[in-house]
Amino acid sequence: MRYPIKILFLILTFGSCSTSEKKLFWISEPSNHRNDFLYMVESTNILPITDSLSYYLTTAEFVQAEKVVYKSFGKIYQNENFKTNVILRIGSKTGRDYEFIIRTFNKNGGIIDSYELAKWIEQDKEFCFGSINEQLIINRNCEGEKDIMQITNNGKIVATSLHEREK
């Protein structure tokens with residue numbers, strides 16, 4: 001009797017893994033009483049970036065750093081050419097002003113490219129949600145407009161052929 005239960009468990013486990021997409025990082029649209037975005041920003045205890053701003057930020061962001069808080073959610077991918085981090089930007093507009101940024105860095109720590117994965121800006125009524133998977137494909141939905149981007153082997157973030165089909 002024990003073996004059929006174990007076999008059923010293995011079938012369910014491996015069957016569900018093969019059909020699901022493995023995401024490296026995601027912010028889902030709110031549903032019912034669940035809100036990934038606000039939970040990730042307001043309930044996660046990550047300290048602001050203070051001592052290495054020039055490493056994580058572009059020159060324009062560095063200039064804004066007095067009015068804006070940046071937090072590193074860490075590295076989500078790395079290969080021999082680049083690494084990919086998630087940066088949270090907490091702005092100063094009225095209400096909630098949050099953005100999650102996918103950023104790629106070269107081996108020397110220089111910024112290669114950036115892409116706004118998700119944002120919640122109440123003042124401007126802008127809300128976007130998205131994910132990045134193991135194939136480094138980024139899916140983003142901004143109030144019905146879908147973008148599909150991909151990180152290339154050199155760390156650039158580009159529109160894919162799938163991008164055109166979603167519009």
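Helices (H or I, at least four residues) and strands (E, at least two) are DSSP runs, numbered from the N terminus. The structure shown is a predicted model, in which local features need pLDDT of at least 70 and side-chain atom pairs count only at pLDDT 80 or more, while totals for chains, interfaces and linings use all residues. Residues are numbered from 1 along each chain as its sequence is written, and side-chain values use heavy atoms, with hydrogens and water left out.

**Figure 1. Overall arrangement of the predicted chain****.** The chain contains 5 helices and 9 strands. Read from the N terminus, the elements follow the order α-β-α-α-α-β-β-β-β-β-β-β-β-α. Of the 167 residues in the chain, 40% are buried (under 20% relative accessible area; exposed is over 50%, partly exposed in between; 1.4 Å probe, protein chains only). Among contacts (heavy atoms within 4.5 Å) with a separation of 6 or more, 39% join residues that are 24 or more positions apart.

**Figure 2. Surroundings of Val 68, in the loop between helix H4 and strand S2****.** Helix H4 covers residues 59-64 and strand S2 covers residues 69-78, with Val 68 placed in the loop that joins them. Val 68 has a relative accessibility of 7% and therefore counts as buried. Beyond four places in sequence, Val 68 touches Arg 89, Ile 90 and Gly 91. For Val 68 and Arg 89, a sequence separation of 21 residues goes with a C-alpha to C-alpha distance of 6.9 Å.

**Figure 3. Contacts of Ile 90, in strand S3****.** Strand S3 spans residues 82-90 and includes Ile 90. When residues up to four places away in sequence are not counted, the partners of Ile 90 are Val 68, Val 69, Lys 71, Asp 97 and Tyr 98. The C-alpha atom of Ile 90 is 8.2 Å from that of Lys 71, a residue 19 positions away along the chain.

**Figure 4. Environment of Ala 118, in strand S5****.** Ala 118 is placed in strand S5, which covers residues 111-121. With a relative accessibility of 0%, Ala 118 counts as buried. Neighbours within four places in sequence aside, Ala 118 makes contact with Ile 27, Phe 37, Tyr 98, Glu 99, Phe 100, Cys 128, Phe 129 and Gly 130. Ala 118 and Glu 29 are 89 residues apart along the chain, and their C-alpha atoms are separated by 9.7 Å.

**Figure 5. The aromatic pair of Tyr 56 and Phe 105****.** The structure holds 13 aromatic pairs (rings of Phe, Tyr and Trp, the last by its six-membered ring, with centres within 6.5 Å; planes under 30 degrees apart are stacked, over 60 edge-to-face, the rest tilted). In the pair of Tyr 56 and Phe 105, the ring centres lie 6.1 Å apart and the planes meet at 90°, so the arrangement is edge-to-face. Because Tyr 56 belongs to helix H3 (residues 53-56) and Phe 105 to strand S4 (residues 97-106), the pair ties together parts that are 49 residues apart in sequence. Tyr 56 is buried, at a relative accessible area of 16%. Phe 105 is also buried, at 0%.

**Figure 6. The pair of Trp 120 and Phe 127** **and a cluster of linked rings****.** Trp 120 and Phe 127 form an edge-to-face pair, with 5.0 Å from centre to centre and 80° between the planes. Trp 120 counts as buried, with 11% relative accessibility, whereas Phe 127 counts as partly exposed, with 23%. Ring pairs join both residues in a cluster with Phe 25, Phe 37, Phe 73, Tyr 98, Phe 100 and Phe 129.

**Figure 7. Positive phi at Lys 125** **and Leu 136****.** Lys 125 is not a glycine, yet its phi is positive, at about 55°. Lys 125 is found in the loop between strands S5 and S6, and with 62% relative accessibility Lys 125 counts as exposed. Leu 136, likewise a residue other than glycine, has a positive phi near 65°. The position of Leu 136 is in the loop between S6 and S7, where Leu 136 is buried, with a relative accessible area of 5%.
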